[in-house]
Every structure is written in structure tokens, then in C-alpha cells.
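Here are some short exercises to work through with the structure open beside you. Try each task before reading its solution.

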Protein chains: 6
Amino acid sequence: MRMDEMSSAAFAEAVKKDPLVFLPIGAMEAHGPHLPLGTDTFQPEFVVNAVCENVGGIIAPTINYGQHSSTRNFPGTIDISFDTLRSLVMDILDAFQRNGVGKVVIVSGHLGSVHRAAIKLACERAARQGLKVMFLSDYELAYLKKTEVCEGMPDGHGGIIETSRIMDIRPDLVSSERTEGGFVDMRFMVRADAESCLPQGFGGDARKACKEKGRLVNQFVVDTLTDLVRKNFEG
Amino acid sequence: MRMDEMSSAAFAEAVKKDPLVFLPIGAMEAHGPHLPLGTDTFQPEFVVNAVCENVGGIIAPTINYGQHSSTRNFPGTIDISFDTLRSLVMDILDAFQRNGVGKVVIVSGHLGSVHRAAIKLACERAARQGLKVMFLSDYELAYLKKTEVCEGMPDGHGGIIETSRIMDIRPDLVSSERTEGGFVDMRFMVRADAESCLPQGFGGDARKACKEKGRLVNQFVVDTLTDLVRKNFEG
Amino acid sequence: MRMDEMSSAAFAEAVKKDPLVFLPIGAMEAHGPHLPLGTDTFQPEFVVNAVCENVGGIIAPTINYGQHSSTRNFPGTIDISFDTLRSLVMDILDAFQRNGVGKVVIVSGHLGSVHRAAIKLACERAARQGLKVMFLSDYELAYLKKTEVCEGMPDGHGGIIETSRIMDIRPDLVSSERTEGGFVDMRFMVRADAESCLPQGFGGDARKACKEKGRLVNQFVVDTLTDLVRKNFEG
Amino acid sequence: MRMDEMSSAAFAEAVKKDPLVFLPIGAMEAHGPHLPLGTDTFQPEFVVNAVCENVGGIIAPTINYGQHSSTRNFPGTIDISFDTLRSLVMDILDAFQRNGVGKVVIVSGHLGSVHRAAIKLACERAARQGLKVMFLSDYELAYLKKTEVCEGMPDGHGGIIETSRIMDIRPDLVSSERTEGGFVDMRFMVRADAESCLPQGFGGDARKACKEKGRLVNQFVVDTLTDLVRKNFEG
Amino acid sequence: MRMDEMSSAAFAEAVKKDPLVFLPIGAMEAHGPHLPLGTDTFQPEFVVNAVCENVGGIIAPTINYGQHSSTRNFPGTIDISFDTLRSLVMDILDAFQRNGVGKVVIVSGHLGSVHRAAIKLACERAARQGLKVMFLSDYELAYLKKTEVCEGMPDGHGGIIETSRIMDIRPDLVSSERTEGGFVDMRFMVRADAESCLPQGFGGDARKACKEKGRLVNQFVVDTLTDLVRKNFEG
Amino acid sequence: MRMDEMSSAAFAEAVKKDPLVFLPIGAMEAHGPHLPLGTDTFQPEFVVNAVCENVGGIIAPTINYGQHSSTRNFPGTIDISFDTLRSLVMDILDAFQRNGVGKVVIVSGHLGSVHRAAIKLACERAARQGLKVMFLSDYELAYLKKTEVCEGMPDGHGGIIETSRIMDIRPDLVSSERTEGGFVDMRFMVRADAESCLPQGFGGDARKACKEKGRLVNQFVVDTLTDLVRKNFEG
């Protein structure tokens, strides 16, 4: 069930049964020349829809913007600050709790460590206020398939796995002209031109991407998350 | 064009032509028993899509949450604070400017005065930094049709006009069981139970709503906004 | 009774009777060439004094500065930020509550929407903490007389009504050389030069102002507010 | 000249001559059973008026609330936080600078160290932005007369000097029933009941106060400050 | 050179040569029953001293407190908030830059992801202001030796490597009674009792720790960091 | 006992006996050409160590950075903002309280009034939460010896007393080439070049300093503080 399609009364009724509420967190972020800016929105929305079909629950409207460091200077990255993101998640979780919601699953498409720290702090506060809250990036699961899918090649932002996943979810938005993106080790330097760690704007051999790999990874993410959600909230 | 469907390169190319960027601001807010919680999201998205078709431009992803006072205690209202909303709009406008965007149109579905003050402050700051920015709630236009559509009856949140508009946009989400919602004058008292100004959770005779009235208002809003945008940015 | 003239002991004694406490909020704002910068201070102080004489209570010291958008760039406007104004009102209301005050009436001279949003947020917080608090700008009442006093002419900031009111309250401070101020429709553009909506620095035909009109409006504001205060706090 | 009585145009004209702007900072603070809550407002307003008559300049509206620690729990103390006070002074100084004001003299009636730290930080920021700003509490001057006026007796908040000064400025507000207030050494303990350092709510033998002593001290403060202002801004 | 032992003049002289400034960040954190609370302070101080001997530079005073999530509820963990830590590092980096320092190396003993996000954000801001800044936790290097030192056993907070390192640095502070600490998978749940992921308060078989392993790891960290610093700042 | 050398278990055990916890606050601040930047760290650490030996208790790790105004522009002063310092002390006191600590003694080497206001506000908050907290700068005691030690000469920052104290504590860090530092009266002006009040970077005749004077003052500070601590916490 999509929360934005429910009436106030229907929502109040649904909350009485202590449902799971899913909160997808997307992003507007450059993902190389072959992927759309909404890549990190399409993926968690896909995952949340599928998992919600498996386990039931309510899907809250997506947070469409996130915090970005390394891709911040690429065209089309619309980043919000750490503080804004943290406040946004805090406020939404507070409102959920005030509404009687007791169980929340947050899935972020973007994997950035600072981005996730902002969300984690908001979750910690909600947990101290009594909320049962689960938080992950679907990439924490998707990259478990890296060895299998990428055959030992380095892969990352906008690489084989991400391109494949979008080819499965929104094939119309993936360019057929794809190349390989390299990685530059920053050796712990924190730089104003952090994007220089991704000289092509993405990392991995996007030519190796295909819909089948995407389907495999997406299915794995959905199955694994379904299982985790069941164990965490039903067990 | 939807921004989330554009690649980084396509966006960079598009920005060179100094396009309009539209930012819809929605809400998750109780609108009486007959309307969906996403009412204030569906309307500005509809309006922005239609205006953008008329005048061209890029549609950025929707901000799906807003600030609420009087409906805050009704089930399903998920409100974010003044500060969070202001920061969110500030950050997004900053990122637009850093990306070279020069013209932004913000359309909010929710009409609350504090909600709009938050967005306005963010716009003022962006304007001082050089952005050409237009901001309105589509209800500032829609209510110009109040006399014509409501025949002298009081109408407001979730009333004739709003119900009619959603019947035009998302008829599947409007309940056919509708009643009349009253208004209680708060006489300038600021109360913790501010929702008591709307005893039924909405205001106006929702039974009088119909798709035709909705179409009339929606068309008026789109036409008027199209005209205003042209005058403001093309003139 | 003026609070600043009471001793600590006298105040403690007075609070036991659960008195109304009035908090006037003024401003330092350009009001065209014919009115003083303190226009929005003189008016609420006048109103509060008169209402307090009618219904009893304690008058707290005036907040002498407010938040301004459209007149911010005119000489003599001394604006404080939204956050500062909100904090200031919050802190004062908190201190009132800590002192056992249970009923507060806030009257702001300035009518700006962002200015009022700041005060309203502070009032909402106090209300949730148990304070009975009433908040209005005296212009929300004064403008009810617009049709009667201005004979269909557009009137606003520093116009007929405001000039007339100051002619009644502080005639020594109103210039006899007065002209007409125009209005420019900003068409929802949020501009850095927001003052361009008032090319002469005020809006309305100030030549039409006179002491009698001022007295009429002031009396109406005082009577109406007296009545509202009685209904809200005594009923 | 009082700024609130000047028109925008008159102010703009006056600023061209690079005038001094005086900003009095008052307080709403318990001063024992014999003095009014506005004691720390009446004094700096008196001083500023007198000095301004000597050296010329513009008097801005008073900030009527301050930050309090030791008297916070006494009835009638309306304290604002450190942050609010600092922001308030910052915003006002910013607005002065935006208006072209180059020289400001701030006189606070309240002598609290944390209160003054808030104002000082705001002044330091303004100074770094180019403002010539002088800041003192008139008690930094008044207490220079302690030995002469108090004949070796301990004297402080609401004591001989303060009572005498108010007897000179607002004799109608000083009670004729006065006693002696003791001091308790807190030995560097920071306590929630900080007011226990003043068991009677004031410190010093208020019976020894008289109008003549007040006049002497007030004259000294005015003369000394006049001299300091001349040296600082005219030299 | 220790900065706290240098005079102002000596520091000014040294800065002219564009030296490296090292900033160690420690913590006060529970590390199981066998390790001292200052474990995460002793390690980066040791590392920084050794690296500074190799490459030269100035060592700034240690930040002795950090941000903690999972160990927050164990006795002796003194955590500061994300915001405080970020501000602290920001302010210090700002002051370094104001002093003409151009190259900074920050080494944190604590590896927490939120803790590091706070420091990283401060570094990013400084980098945008022109500072060349390197930031890492020495554990990002130390754990490269996990396979070699722990022989396939899971190891973490207060485990084999950490215990061994402290046995090398401060053998007097390591208890000889040591046991094994387990790990509990939180399955992405964010919990108020986050410490339940470490039922014994540490993770790994601390009985397997010894001074020799500690020396090996410490030497590896020092050598690797020396090399990285040279490449980053001298190349 | 140093807290950083205690294990979690040992700390938990010690806290049961309701011990004093000492928190030294140091600084990195220019103290003229003859004294080290860590002067205000060495002194409170010395004092706290000695007092703790007399009365028992636990010494928490030093806060190594403080807030500075007048010396901010001298080389080597690393200042943190008022807000950062306040938050840092707040967070640490909160964590102490969460750990069951009930008695804290804070000794700051730096005497700045704004610096102390930040710490005082943090202490006031903790006191309201139930902590017994004592806060002073050791210079509030040391300067009680000014008449005796300085023979009527003006003395201050980096002068006779401070130089003498460091000659007693860290004689290796005091230069033998010492001169006299003058004082310039700022006449209440708040200036961007606040350091001009100390033309030589310190104030007082540092040539008159000697180890014996330092020992005398240090002994006096330790004895007096020992006595005060006993009276405050044991009485």
C-alpha cells in the first residue's frame, strides 16, 4: 500500500495492526554518462515495492535527495547537507511515532558513508524513543554479489552491478554506449575535487553490464531483505 | 523532461540553454475521510507537468513532505519542521545554482502560512545569490475560482475545490461517501489542538465536488501559471 | 500596569490572580517619507494600553525589532532574522510560564507573513506547554475597515489607514507633505529587490489620511480586541 | 534624536554625517523588594539620553530583555538565552551596518558576565566587519564610585548605588521600606539555585541609599562616558 | 615538535617552512575489561609521534574525546555528539589555516563510521578552503594485518590486534586476565542497546594477544603511514 | 587516578563510591615570546594533579583547546568558538552524569571572560540536571597573590605570575630572554585587532619572574583549591 494513496482514516485503521512502514531514500546524483540521475531512487523504490509485496506494509513517500561527497561536483548531483538529511529523517520518524507507527524499514539507494551516518543518527534517536527501526542501503546487499557478477573486476559507483540493476528496472534509461570507468586511490586525502577519484564519473566496466545480471542481483537483494525483515520484525 | 530520467551529461547540456527548472513541493497530510494523504502532492505534480509541457523546462524530483500546523494531529499527517523544510529548499536551490541553473519555479500544494514562510525564506536567500525564482502555492490561483465554483459557500481544506481537483487528477482515490466539513473560528488563539478549527477534518461541502469543477479549476491554474511563467521569465 | 514598574514582590502577588500579560511587538521599519520608523511600535503599544485599561492585566516591555522582507532595503529598516525573532518570543514565553503566567496576548504592529510565522511558531510551542496564548497583528483588525475608510482605493503599508492611525496616536511625527504610493505586482517572483513592489516606499494615497479616520480605526481595533480578549479568556 | 521618531528619509540623511548610534540594552530582572523590575532598563536609557545630549547622535530602540543567571529564579525575572541575546545584537548591528552606520555605542544596564559575553561576541563580529563599536555596562563606571559612596560596605545588585541611582531617575518606583541584603560566597560552585548567593534578593544596605548619592553616581557615569565617547570616536 | 611546547614566535617561524601539522584524535571509550579507557588515545599518539619522527612536522594537542554509538552504554565511555566533534575539528582547522598552516594529517584512534563522518565533513570544508588535509583512522591500516595476525579468527574492538598494540605501547595498562569476546549480528537494526552487538564488551580472542603482534602491527602502521604521508605531501 | 588509564570495569567500580572527577581545560594560546603555547594547559594539569593527590578522585582527559579574543591574532593561538567549547563541556558533563558521576571540578587555565561564560553555561545546565559542579580558573586564585608577588606592578597575561608558575612547572620551556610587556587601555572599544591591548604580546615585567615566586603561587593555588574542594564536597 502506498501511503500517499491512503486516506487519513484508512491510515489510522492500518496503524492499529502495527504494520511495517517502508521509507525509501533516493538521490539525484551523477552516475556516469550512461545512467540516469535518479539511479539511486529507482533502485530502493524497486526493492521496497517488491519486499512490501512479500511481507506486507505501507510505503511512505520517497525522500528524493541525499548527501554527496565524491560526486558533488559532477553535473546533475543535487546534494543536501548532512544536517538537512538528518533533520528530515528525524522529523519523519518523529511523525511516524506520533502517529503510532512502531516498525520502520529505511532503504537508501545511495551508499555514501556520510549520507548513511546522517540517517543512522536519526535512526538512533528514534530507537531511543522506542521505534523498532531497520536501516540499510540496498548496496550493502547488492555488493555481496560482486565476486559472482563481476568476475574479480573492480566495480563500484555506476559500474557493472549498478548498470545491470537499472537495465532490469528501467531499461529505457540506460545508454547503450558504455565504457569503462577507472578508480583513483585518494590515499586518505580529503580533497575539494573529490570527484577525481572517479575520472570517468563512474567506476567499473559498464560494458559488462546486462539485464540478466541486474535481475540476478535485484532478486538477491529482494529475497535477502525479505528474509531479514521477517527475522527482525516477525521473529 | 524529468530530471531523474536525465543523465549527468544530458543535464549539463540542457543547463547551457538556461532552462526553467520546476520544483514541486508536496505533503503527506490528512485531508478528511474522502481524500488521500498525498492530495497536496498530486496537485502540484499535475500542475507542473502541464505547465512544463506548455513552456518547456526540467522537472526536479518532488519534495514529498511539508510543514503543518492545523492538521498536525490528524492521522497520517507527516510533518517536518519549519527549519528542516527551509534547509531542504535552501540546499536544493544552492545545488541548482552550483549546477548553473538560473531560473526556478517552485509550486507547493500545501497553502499553510508557516510552510510557505519556510520556502519563502529559502527563496529570498537564493534570490540574493542571483537566482531568478518564482514561488507560489497552486491554491493561490485555485482559490481565485472560489466564488465561481462554490457559489458563495465557505470552502477550504479538503472542500469543494480540492475534492474536485483530485476527482480530475486521481479519481480512483476519492471516496464517494462525502459529507460537509465545518469551520470553527479560533479568534486568534494559538492552540495545541489547532485541529479543532476543522471538526470534521476538512472544510467545505465535499458533496458538491465533481470532476467537471475540478477540470475547470485545474485548467485555470495551469493556464494562469503558464501565462505567469512566460511573463516572468520570457518577458 | 506596566511590568517594568512593578517590583518582584508585586509581580509575584499579581501573578497569583492569573492575570493577562500583554506583549507588544514593534518594529523599526521604513514607512514612506511621511511616517516615523517606529510606526509599528506606536500602534500596538497604543492598542495594548487601551485594551489593558478595559480588561486589566500586566503590560510586558515591548519587543522593539521585527523581521522584514519587502522593506528591508529601505533606509532605517532594522530587521532581525526569523530565527532570532522566534527565539526571542520563545524565551520570553518560557520565562512567563516559569513565572506562573498562564494567559498571554501578543499584539504585533508589523503584518509581514514571515514575521508572523516566527511568532506563531513560538506561540504554538508555548501552547503545547500549556499556555493560553492569543496572537494577532492589530492590522488583521484594522484592515477590516479598509472598505469603509478607503472608499475602494487600494491601501497598504504606510497608506491611508496607517497614516491616519499615527495621526491619531502621534500626530507630531506625521509629515504634512504626503503623496500617493503605488503597488507593483511581483507575480510570485521572490526578488532580492523586493522593495520594488513599493516604488514610493509605501502603498496608498496618504493624502487622504486624517486624524478622524485614524481615531475611527483605532477605536474599532481597541473595541474589537477588547471583545475578543474577553471571549477568549473570560468565557 | 530617537530613531523611532525619525522618518526613513530623515534617517538616511542623518546617516550621511556618520553619526553615533546608541543602543541601550535593558532587562526585566528582580532587584529586591524595593526596586522595579525595569531597573536595568531605566538606568542605561537615562545614561544614553544624557550622553547623547552631550555628544549628539541617534538613539535606537532599547532591547528590553537580557540574560540572567543568579536572579533567574526570582519572580519577575524574564530572561532570554545567551544565544538569543547574541543573535539579537548581531542582527541589529548587521542591519546598522547595512544602513551605513559606522559608529555604535552599546550600554547595558545589566552587568552579568554571561550576559555581557553574549553582547561582546556580537560586537567582535561587527568589529571584524568594520564597525567601530564601544560596549560597556554603566555599572563598570558606576562601581568606580563604590568606595566613595558606600563607605567600605559591600554593595552590589540592588544595593546602595543601584537604589540611589533609581531614586534619582524614577523616585516614584522606589519603595521607602528598605532593608539590608546579604551576600553568600558560592565558592565557585555552579548551582541550580544560584539565587542563594543573594538570600534577600539583593546585596547591600539599601537603607543607606538616597537621591543625592544617586545623582552623584549618575552624573559621574554620564560625564565619564561622555568623555570616553569623545576620545574613542572624535579623537 | 610538540606544538604546546613551542612559543608563539617559534611557531610563527616554523610555519614559514610549510610544515606538516599532525592532529591526533583520541577517545574515552570502554574497550572490554582488559584494556584502558584511553586505548584509542594512546594508539594514534604513538603513531603520530613515530611518523613525525620519520617525516618531521609539528604535533598539535590531542582531541581527547570522540563520538560513540555501539559502546556508548558501557561504563567509562564519554562520548561527545556528532555536531560537537565536527565543530571542534572545523574550528581547529580554521585556526590552523588562519595561522598559515597548509598541510594537516589527522589520525583518529576510534574507527566508528559516524565519528569519522563528523571529522570527514570538517576536513571537506577545510579542503574547499584550500587546506591539504589527510585523514584516516590508524585502524584502517592496522586491520590490513588482520589475516596475518588473527589467523582467520574474527577480530574487532578490543580484540587481538587492539590488545596487542596496547601491550606494545602501554603494557602496564593491559590486564593479564583476558577472555574471548563474541560478536552479535544486528542485521541492520538500529537499536537503543547497540552495545548488545558486543556481549562481552569487546570482540575477538584477547587471550591470543601479545606484545610481538602489537609491535608488528604498530610498525606496519607507522611504516605505511610514513610512506603515505611522504607520497601525499612531498610528491 | 587518570581516567584514561582505568579500564571500564575499574571506572564502574570507582564511580560507586561517588568520587570527584576533575576536568582540566587547557588552551593553545600565544603567551609572549618567552612562554610556550601550552602554558594554560600545563598550569591546570599541574594544579589538578596536586589537588587530586590531596583529596582523591579521578582525572579526566584534558580539553586542550579554548576560546580566545584578545590573543586570537597572535601566531599559535588555536581558538575554538564559544559554541564549540560550550557543547564540548556540555557533552562531557552529560556523559559523566549518564555514567553516574555526581561531583565534578573543572579547572581552566585560561581566564578569558567569554571562554569562562561558555563553560559556565554548560555547568549551569548540568547543575540543573543534578550535578554538583565546581568551576574556576586557577587564575582566580593565583591573582590573589598579585600584590604580594608583583610589588604593585601591573601584571597579567604572560607576566610575572604566569612566567613564574611555568618556571616552576616546566622550567625547560621558559626562555631566559625576557622583557616587559605593556598594557593599552581599550576604553571599552571592541576591536578586530583586540591584540593591540598587549603590544608585546604579554603584560607585565617578565624579567621579574622566578621559580620561587612560581612555587609560592602554585602552592597557594593548590592549597586554597584543596581547601575549597573539601568544603564544597565533603562538608
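The exercises below concern a predicted model, and each comes with a worked solution.

**Exercise 1. Decide whether Cys52(B) is buried or exposed, and find what Cys52(B) touches.**

Solution.
- Step 1: Start by placing the residue. Cys52(B) belongs to helix H2 of chain B, which covers residues 39-55.
- Step 2: Now look at the crowding. Cys52(B) has 21 C-beta neighbours inside 10 Å, and the cut-off for a buried residue is 20 or more, so Cys52(B) counts as buried.
- Step 3: Next come the contacts. Leaving aside residues up to four places away in sequence, Cys52(B) touches Phe22(B), Gly57(B) and Ile59(B).
- Step 4: For a reference distance, take Leu141(B), 89 residues apart from Cys52(B) along the chain; their C-alpha atoms are separated by 17 Å.

**Exercise 2. Describe how H2(B) crosses helix H8 of chain B, residues 211-234.**

Solution.
- Step 1: Two packed helices are described by the angle and the distance between their axes.
- Step 2: For H2(B) and H8(B), the axes come within 9 Å and cross at roughly 50 degrees.
- Step 3: That angle makes H2(B) oblique to H8(B).
- Step 4: The handedness comes next: the crossing of H2(B) past H8(B) is right-handed.
- Step 5: Then pick out the residues that meet. On the H2(B) side they include Phe46(B), Val47(B) and Ala50(B), and on the H8(B) side they include Val221(B), Val222(B) and Leu225(B).
- Step 6: Sorted by class, the residues of this contact between H2(B) and H8(B) are nine nonpolar, three polar and one charged.

**Exercise 3. Work out which helices of chain B supply the side that touches chain A.**

Solution.
- Step 1: Count the residues on each side: chain B gives 42 residues to the contact and chain A gives 42 residues.
- Step 2: On the chain B side, helix H1 (8-15) and helix H3 (82-98) each supply at least two residues.
- Step 3: H3(B) brings the largest share of that side, eight residues.
- Step 4: The chemistry of the chain B side comes to 22 nonpolar, 15 polar and five charged residues.

**Exercise 4. Trace the sheet that holds strands of chain A and find which strands stand at the edges.**

Solution.
- Step 1: Read off the order, E2(A)-E1(A)-E3(A)-E4(A)-E6(E); these five strands form an open sheet with mixed pairing.
- Step 2: The edges are E2 (58-59) of chain A and E6 (189-190) of chain E, each with a single partner strand, so one side of each has no neighbour in the sheet.
- Step 3: Look inside the sheet at E3 (residues 103-108) and E4 (residues 132-137) of chain A, which run parallel and are joined by six bridges.
- Step 4: As a landmark, find Ile106(A) opposite Phe135(A) in E4(A).
- Step 5: Finally, add the helix. H2 of chain A (residues 39-55) packs on the sheet, where H2 touches E1 (20-25), E2 and E3 of chain A, and the direction of H2 makes about 165 degrees with that of E1(A).

**Exercise 5. Find how far apart the nearest C-alpha atoms of chain C and chain F are.**

Solution.
- Step 1: Chain C and chain F do not touch.
- Step 2: The nearest C-alpha atoms of chain C and chain F are 14 Å apart.
- Step 3: For a further pair, turn to chain A and chain C: no contact joins them, and their closest C-alpha atoms lie 14 Å apart.

Technical notes
Residues numbered from 1 in each chain as written. Chains lettered and ligands numbered in written order. Predicted model: local features only at pLDDT ≥ 70, side-chain atom pairs only at ≥ 80, totals over all residues. Helix = DSSP H or I, 4+ residues; strand = E, 2+ residues; numbered from the N terminus. Buried ≥ 20, exposed ≤ 12 C-beta atoms within 10 Å, placed from the backbone. Contact = placed C-beta atoms within 7 Å. Nonpolar A, V, L, I, M, F, W, Y, C, P; charged D, E, K, R; others polar. Axes fitted to C-alpha atoms, helices over the stretch in contact; angles between N-to-C directions. Parallel < 35°, antiparallel > 145°, perpendicular 65-115°, else oblique. Left-handed = near helix turned anticlockwise from the far one by under 90°. Pairing = 2+ DSSP bridges.
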